[in-house]
Amino acid sequence: MGNERPVYVIGHKNPDTDAIAAAISYAHLKKLKTGKNYIACRCGNVSSETQYVLDKFGFKAPKFCGDVRTQVRDMEMRHIPGVDENLSLKDAWAIMKENKVVTLCIVEDKLLKGLITTGDIMESYMGSYEANTLAAAKTSYKNIVKTLDGELIVGDIESVQTEGKVLIGAGTPDVLEEYIKPHDIVILGDRYESQLCAIEMEADCIIVCAGSKVTMTIRKLAEEKGCKIITTPHDSFTVARLIYQSMPISYFMKSENLLTFKLDDVIEDVLPVMASTRHRYFPVIDSAGRYKGMVSRRNFLAASKKKLILVDHNEQSQAVNGMETAEILEIIDHHRLGTVTTTKPVYFRNQPLGSTCTIIFQMYQEAGVDIEPDMAGLMLSAIISDTLLYRSPTCTEIDKKAGAILATIAGVNEEELAKEMFNAGINLSGKTPEEIVHQDYKKFNIGKHVVGIGQISSMDSNELSHIKNAVLPEIESIKERDNVDLLCFMMTNIIKESSEVLFAGSNAEIVMETGFNVASRDHKSVVLPGVVSRKKQMLPTISTTLE
């Protein structure tokens with residue numbers, strides 16, 4: 001799949017078993033059909049029921065993705081390798097020219113250490129140096145030799161110059177003795193007397209220009225005195241000009257208050273920062289500070305939006321954060337038409353079935369793709385969960401037939417699987433009332449109203465009674481924290497095929513009593529015989545009543 005940008009297949013916030021299973025099964029189908037990179041994701045925590053199903057059939061929870069706004073990682077990056085701080089100015093300039101960039105990143109053990117720009121190098125060329133700058137910059141002889149296109153014929157090329165100044169050895173030996181000091185680097189011609197004088201005055205290095213020969217006597221004396229000898233084909237003027245280009249970039253780099261971007265930075269947050277500076281290139285690092293590449297202003301303009309396939313929802317309030325900035329390719333759903341809008345036409349498959357996984361089952365069949373036993377078990381679990389083991393009014397004959405085929409492939413009993421799933425889902429030990437309400441929870445925009453509906457299902461009446469006692473005292477505060485106008489929490493008894501609904505909101509009691517033609521219990525809950533579906537019974541009735 002190479003560097004191909006992935007497509008994220010993702011369900012709604014507070015995902016239920018259908019949302020998770022649909023993301024996994026549809027991403028798998030798309031991969032098999034296209035060979036491209038489809039990644040199942042989630043934008044909420046996995047419930048106890050869903051985790052049980054994942055463990056039973058050997059799946060890992062999809063990757064968490066809480067925000068799909070365009071990030072720095074979605075841009076085309078210039079992957080110019082980081083350079084070592086000991087690189088010479090001359091070599092740095094050559095790399096910049098070769099790659100047509102104006103900035104290089106200095107790294108150490110892959111971590112960003114500093115930056116150098118063409119402006120920094122130009123400034124170094126135009127500046128007037130003190131005679132001891134080469135030593136102050138701790139310039140290596142490896143750099144000096146390479147910069148001068150020379151050869152070190154005496155001495156250790158791994159040495160670093162840390163003392164002394166650079167000077168041109170013009171004049172008679174008597175004159176040279178006046179200004180050559182220990183540790184100096186002396187640029188000379190082929191005059192034997194001048195070479196001898198520099199060595200005797202304890203110079204650290206003599207640079208012999210114009211390809212001049214160096215006698216064996218001078219070489220032996222230099223070795224004895226610890227003086228290095230470099231020969232170069234360039235003349236004295238050129239050497240004097242080039243030698244300062246051998247200094248390491250560490251002497252000129254910026255290492256403090258670096259303007260960097262992280263891979264996960266959101267573009268809309270980055271753009272104002274970029275607009276406030278005149279830099280053309282910006283280094284990109286990961287969360288550990290490792291250098292990953294560079295981006296330019298032009299790269300920001302061409303940043304790719306994340307590509308999404310939405311499953312089990314088409315309401316913007318239920319979608320992953322930043323969905324409106326992403327590119328939606330497909331929507332596979334079984335709910336009412338919601339508020340998701342797209343900039344381009346998309347493949348939209350919406351069928352009035354009990355589960356999104358029933359639709360995806362059909363798509364496997366249409367594509368002629370065999371369903372493996374573990375995938376069949378996962379998809380079956382989603383259908384059982386969403387249809388309450390075929391008892392929900394949303395359930396159709398198509399759901400039942402799909403479930404029967406998947407049960408055969410998976411080699412499981414539907415009744416037994418349902419009991420295991422629902423028992424796992426009702427295991428609420430250690431969970432707060434808010435976590436219980438949000439375990440399977442969706443927000444809906446109905447006109448000017450925002451309605452939140454949570455649901456929990458069980459085959460055990462006593463368990464539901466315990467849940468009611470835990471949640472009821474907190475229902476008002478949960479409603480306030482969720483910032484909804486009406487909050488409903490359905491406690492569905494699968495065996496009795498009924499729900500008790502706890503509610504909160506200024507008009508909640510009127511809506512529930514009027515819509516369902518029942519009387520409330522202590523102004524806090526209603527019992528709704530035959531009502532088990534949030535999608536087909538609760539939501540339409542509340543919508544009609546509010547409107």
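With which side chain does the side chain of Glu315 make a polar contact? In this predicted model, the partner is the side chain of Arg336, at a distance of 2.7 Å.

**View 1. The surroundings of Glu315, in the loop between β16 and β17.** The loop that holds Glu315 connects β16, residues 307-311, with β17, residues 327-333. Glu315 has a relative accessibility of 4% and therefore counts as buried, since the limit for a buried residue is under 20%. Leaving aside residues up to four places away in sequence, Glu315 touches Arg336, Gly338, Thr339 and Val340, and also Phe444 and Asn445. Of these neighbours, Arg336 is the one whose side chain has just been named as the polar partner of the Glu315 side chain.

**View 2. An open sheet of 5 strands.** The strands follow one another in the order β19-β20-β21-β22-β23, and their pairing is mixed. At the edges stand β19 (441-446) and β23 (525-529), each of which has a single partner strand, so that one side of each is left without a neighbour in the sheet. Between neighbouring strands of this sheet the average turn is 25 degrees, with direction ignored.

**View 3. The pairing of β19 with β20.** Strands of a sheet pair through backbone hydrogen bonds, either in the parallel or in the antiparallel sense. Here β19 and β20, the latter spanning residues 449-458, pair in the antiparallel sense, and 6 bridges join them. Within this pairing, Tyr441 has Gly454 of β20 as its bridge partner.

**View 4. Two helices, α18 and α19, that lie across strands of the sheet.** Helix α18, made of residues 461-471, lies across β20, β21 (486-493), β22 (498-504) and β23, and runs at about 160 degrees to β21. Helix α19, made of residues 475-482, lies across β19, β21 and β22, and runs at about 65 degrees to β22.

**View 5. Cys205 and Cys227, two cysteines without a bond between their sulfurs.** A disulfide is a covalent bond between the sulfur atoms of two cysteines. How many disulfides does the structure hold? The number is 0. For Cys205, the closest cysteine sulfur is that of Cys227, and because the two lie 6.1 Å apart, they are too far from each other for a bond; the cut-off for a disulfide is a sulfur pair within 2.5 Å. Seen from Cys227, the closest cysteine sulfur is in turn that of Cys205. Cys205 counts as buried, with a relative accessibility of 0%, and Cys227 also counts as buried, with a relative accessibility of 1%.

Key: Residues are numbered from 1 along each chain as its sequence is written. This is a predicted model: local features need pLDDT of at least 70, side-chain atom pairs count only at pLDDT 80 or more; totals for chains, interfaces and linings use all residues. Side-chain values use heavy atoms; hydrogens and water are left out. Two strands pair if DSSP finds at least two bridges between them. Helices (H or I, at least four residues) and strands (E, at least two) are DSSP runs, numbered from the N terminus. Axes are lines fitted to C-alpha atoms, for helices over the stretch in contact, and angles run from 0 to 180 degrees between N-to-C directions. Contact means heavy atoms within 4.5 Å. Buried means under 20% relative accessible area, exposed over 50%, partly exposed in between (1.4 Å probe, protein chains only). A polar contact is a pair of N or O atoms within 3.5 Å; within protein, one must be able to donate a hydrogen and the other to accept it, and residues adjacent in sequence count only if both atoms are side-chain atoms.
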